[in-house]
Structures are given as structure tokens and as C-alpha cells.
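Here is a quick tour of a protein chain, with an eye on its helices and its charged pairs. Have the sequence and the structure open as you read.

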Amino acid sequence: MPEERDPDRAASRAAARARIEQQQTWVDVQIRQAMERGEFENLPGHGKPIEGLGAEHDPDWWLKRLVERERITVLPPSVALRKEDAELEETLDRMHVESEVRAQVEDFNDRVIRARYSLSPGPPLITMPRDVEATVVAWRERREARRTARPAPAVPPPKRHWWNRWRKPSEGGS
């Protein structure tokens, strides 16, 4: 046997084996102490089967969980552009500078035109590019309407002292 020929190697393997056994007992002691302290009680999923246990292995399980957890939606370009077109006014209304609005509309138009000339899967693209000037004018009008439609701040009622609590407000206020 090779171990008999090299006593140092045999000794180091025996020492490694002893360390592993010692480590296993140390881990067992830590787990037992934690159980005695009650740290494993009332854990989420207690008494329920482990999800996905026994099912066949899916190599993309982590990607599917990420998509599920982050609520990532992957839409065909035509549907994504249609959805963005429907929400474009709301997106523009959150902007404060006209140059940002122009850049956003021009970027949207570039993507629509690029999608029109590419063969992409999914339903046909029915979204049309926007007229930049008309969209900016509509954005200005909506912004002005929001500015003028602000309600006046509510005036709080006068503070009444405890000695005036039983009087009517019209008899002698604050």
C-alpha cells in the first residue's frame, strides 16, 4: 500500500479524517443547541412540502424564478410598442422639460420605424410614429391645465381653546 510507504502522507490523511469527524460533531452540536433554543420553530413553510422536490430537474429554474419574482414580461416588439404608445402621455406628463419630451418622442418614433423594417415574431405592428410637434403641443396644454386646475389650499378651522369648547363657533371664536 502506498500509505505504508509514506508515513507522513498517512498521518496527514488521518489528521484530515479526524478534523472532518470533529467538524461534523461540532455542526451537530450547534444544530442541537439551536433546536433546544427553539430557533427552528415557526419557520415559513413548516409542515409544507418543499417546492419542486421530486420534479424533474430544469436547468433554467433560476431564470424562471427571477422572471416570476421580478414580474418581468417579455412581449413581442409589436405588442410592447403598442403598450408603450398607450402609456406615452402618462410618461410624458411626468417630465418637466420640453427637450426631454422631444427626446422621448423621437426615441419612440425611432423604435417604431426600426420595428416596421424588421421581421419580428408576433402580431403585426399597427403602431404609428407620433408627430413630435403635435405631441409637444399636447404636452404643453396638459401641463398648463394641471397648473391652473390646482385647488386652493384648505384653510384649517380656527383652533378652539378648552374654555370655548361649549360655545358655538359663531358666538366667539378662537
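## Charged pairs and a central helix

Let's start with one acidic side chain: Asp85 is partly exposed, at a relative accessible area of 21%. Bear in mind that this is a predicted model. Asp85 has a partner, Arg130, and their side chains meet in a salt bridge with an N to O distance of 2.7 Å. Asp85 sits in helix H4 and Arg130 in the loop between H6 and H7, so this pair ties together parts that are 45 residues apart in sequence.

Now for the overall layout. The chain has seven helices and zero strands, which reads along the sequence as α-α-α-α-α-α-α. Of its 174 residues, 11% are buried. Take the contacts between residues at least 6 apart in sequence: 54% of them join residues at least 24 apart. The accessible surface of the chain is about 15,100 Å², and carbon and sulfur atoms account for 57% of that.

### Helix H6, inside and out

Helix H6 runs over residues 98–116. With 19 residues at 1.5 Å a residue, H6 should span 27 Å, and its end C-alpha atoms are indeed 27 Å apart, so the two values agree.

Which residues of H6 are buried? They are Val101, Val105, Phe108, Asn109, Val112 and Ala115. These residues cover an arc of only 125 degrees around the axis, which puts them on the same side of H6. The general rule behind such patterns is that an α-helix has 3.6 residues a turn, so residues three or four places apart point the same way. As for what covers the buried residues of H6, the list includes helix H4 (77–86), helix H5 (88–93) and helix H7 (132–148).

H6 also carries charged residues. Arg111 and Asp107 both lie in H6, four residues apart, or about one turn of the helix. They form a salt bridge, with the closest N and O atoms 3.2 Å apart. Both count as partly exposed, Arg111 with a relative accessible area of 23% and Asp107 with 35%.

### From H6 across to H7

Another pair links two helices. The side chains of Arg102 and Glu133 meet in a salt bridge, 2.6 Å from N to O. Arg102 belongs to helix H6 and Glu133 to helix H7, so the pair ties together parts that are 31 residues apart in sequence. Arg102 is partly exposed at 22% relative accessibility, and Glu133 is partly exposed too, at 44%. The pair is also part of something wider: Glu98, Arg102, Glu133 and Arg140 are linked in a network of salt bridges.

In total, the structure holds twelve salt bridges. Here are the three pairs met so far:

| Salt bridge | N to O distance |
|---|---|
| Asp85 and Arg130 | 2.7 Å |
| Arg102 and Glu133 | 2.6 Å |
| Arg111 and Asp107 | 3.2 Å |

### A buried threonine in H7

Is Thr135 buried or exposed? Thr135 is buried, because its relative accessible area is 9% and the cut-off for buried is under 20%. Thr135 lies in helix H7. Leaving aside neighbours within four places in sequence, Thr135 is in contact with Leu92, Val105 and Arg130. Two of those names have come up already: Val105 is one of the buried residues of H6, and Arg130 is the salt-bridge partner of Asp85.

Technical notes: Residues numbered from 1 in each chain as written. Predicted model: local features only at pLDDT ≥ 70, side-chain atom pairs only at ≥ 80, totals over all residues. Heavy atoms only, no water. Expected span 1.5 Å × (residues − 1). Buried < 20%, exposed > 50% of the residue type's maximum accessible area, 1.4 Å probe, protein only. Arc of directions from axis to C-beta. Contact = heavy atoms within 4.5 Å. Salt bridge = Lys/Arg side-chain N within 4 Å of Asp/Glu carboxyl O. Areas by Shrake-Rupley, 256 points an atom, 1.4 Å probe, with all protein chains shown as cover.
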